[in-house]
Amino acid sequence: MQKTIYLDNAATSFPKPEGVSDRMKEYLDSVGATINRSVYGSAQDAGLVTLTLRERLRRLFAFPEKATHVILTSGATASLNMIIKGALRSGDHCIVGSMEHNAVMRPLRQLEGAAFDRIPADREGKLDVSALPGLIRENTKLVVIGHGSNVSGTVQDAAAIGRICRERGIPFALDAAQTAGHYPIDFAALGLSALAAPGHKGLLGPSGIGVLLLSDSFAKTLTPVLAGGTGSASDSEYLPDYLPDRFESGTPNVPGIYGLEAAVRFVEETGVETLRAHEMALCERFLAGLRDIPGVRLCGTRDPDSRVGVISVDFLSQDNAEAAFRLENEFGILTRCGLHCAPNAHKSLDTFPRGTVRFSLGFKNTEADVDAALAAIRLVSEG
């Protein structure tokens, strides 16, 4: 059987760190209780794991608020919907980047009467931050930016955007789907009001769980988009005012909580800087190898300080979908081809509608994986 090389970590990380699946199995086999509903021993154990996860996430993102403001969701998409639909009303204006994922754009498109503008990006996917002040209106109520592009890997200057937002008193939300766990993030230093991240990508946890960090001032302005039982204030038919309960209606994904706690423990103990150094060493090797391969174009920056290990390649003399098919079937290289749920990002990169073949690196990838991918790209590009 042909060996496969997994280079689709931007979609979901694989494999997971040792112990993640064990913790999930432990919960399902030996704990079973949900949180915030009962006070018997196993329920309290589950509650303690949940609190530990919130505290780990608070430390990981240098989050200055209490752990109560670390909201657990079903994923980054849910977190972004909670931000966008909770903050904006008809007549409001929002500013986004030109590289945004549909997890940002589709909620915006659903809001009748709300308008938005895009910060332009160059052909490497870098936003022109100097254009931001000119886009701000009197009714601008939110700025939402994808920190790292899921197409080009380009990382935006969130600190510069945060400074502008602070000066104008506009909430700033960061979509950290491609940077959480891959790139150092300091919530306060970036001037954030909210941060959304998935559990299953750079945080190395399971699917079906995500994170939403909210500043206290921003949280007070948000209308919850989901309402229901919280296990608290059960004498009232109204949502409680306090966090995290106000934004965590319904039974939580406790197996996911156990898995994510183990994964974030690994990220915390290993260190984001260490994980990034490994990933970027592989990324630089990959980018250097691409220089010598004719018939392909790198879509994104070569600057290692301004990117993560998401590498999009455009095969110039053949269909990208065919190239991706050959990479898997002839060489065992697993990638993602297409528009990656980010059509305007591809328009910025001049790869719409054909898309690209995306290679994305993870903590378990090796130099041998990179060299095998480069050799396969060379052969495929030759036809």
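The legends below describe close-up views of a predicted model.

**View 1. A four-stranded open sheet and its edges.** In this predicted model, four strands lie in the order β9-β10-β13-β12 and form an open sheet in which the pairing is antiparallel. Strands β9 (296–298) and β12 (336–338) stand at the edges, and because each has a single partner strand, one side of each is left without a neighbour in the sheet. Neighbouring strands of this sheet are turned by 30° against each other on average, with direction ignored.

**View 2. The pairing of β12 with β13.** Strand β12 is joined by three bridges to β13 (residues 356–360), and these two strands run antiparallel. Within this pairing, Cys337 has Val357 of β13 standing opposite.

**View 3. Two helices packed on the sheet.** Helix α9 (residues 272–290) packs on the sheet, where it touches β9, β10 (310–315) and β13, and its direction makes about 15° with that of β10. Helix α12 (residues 367–381) also packs on the sheet, touching β9, β10 and β13, and the direction of α12 makes about 15° with that of β10.

**View 4. The surroundings of Gln178.** Gln178 has its place in the loop between β6 (172–175) and β7 (194–198). With a relative accessible area of 4%, Gln178 counts as buried, because that term applies to values under 20%. The side chain of Gln178 reaches the backbone oxygen of Ala10 at 3.0 Å. If residues up to four places away in sequence are not counted, Gln178 touches Ala10, Gly148, Ser149, Asn150, Lys201, Val308 and Val310.

Methods:
Residues are numbered from 1 along each chain as its sequence is written. This is a predicted model: local features need pLDDT of at least 70, side-chain atom pairs count only at pLDDT 80 or more; totals for chains, interfaces and linings use all residues. Side-chain values use heavy atoms; hydrogens and water are left out. Two strands pair if DSSP finds at least two bridges between them. Axes are lines fitted to C-alpha atoms, for helices over the stretch in contact, and angles run from 0 to 180 degrees between N-to-C directions. Contact means heavy atoms within 4.5 Å. Buried means under 20% relative accessible area, exposed over 50%, partly exposed in between (1.4 Å probe, protein chains only). A polar contact is a pair of N or O atoms within 3.5 Å; within protein, one must be able to donate a hydrogen and the other to accept it, and residues adjacent in sequence count only if both atoms are side-chain atoms.
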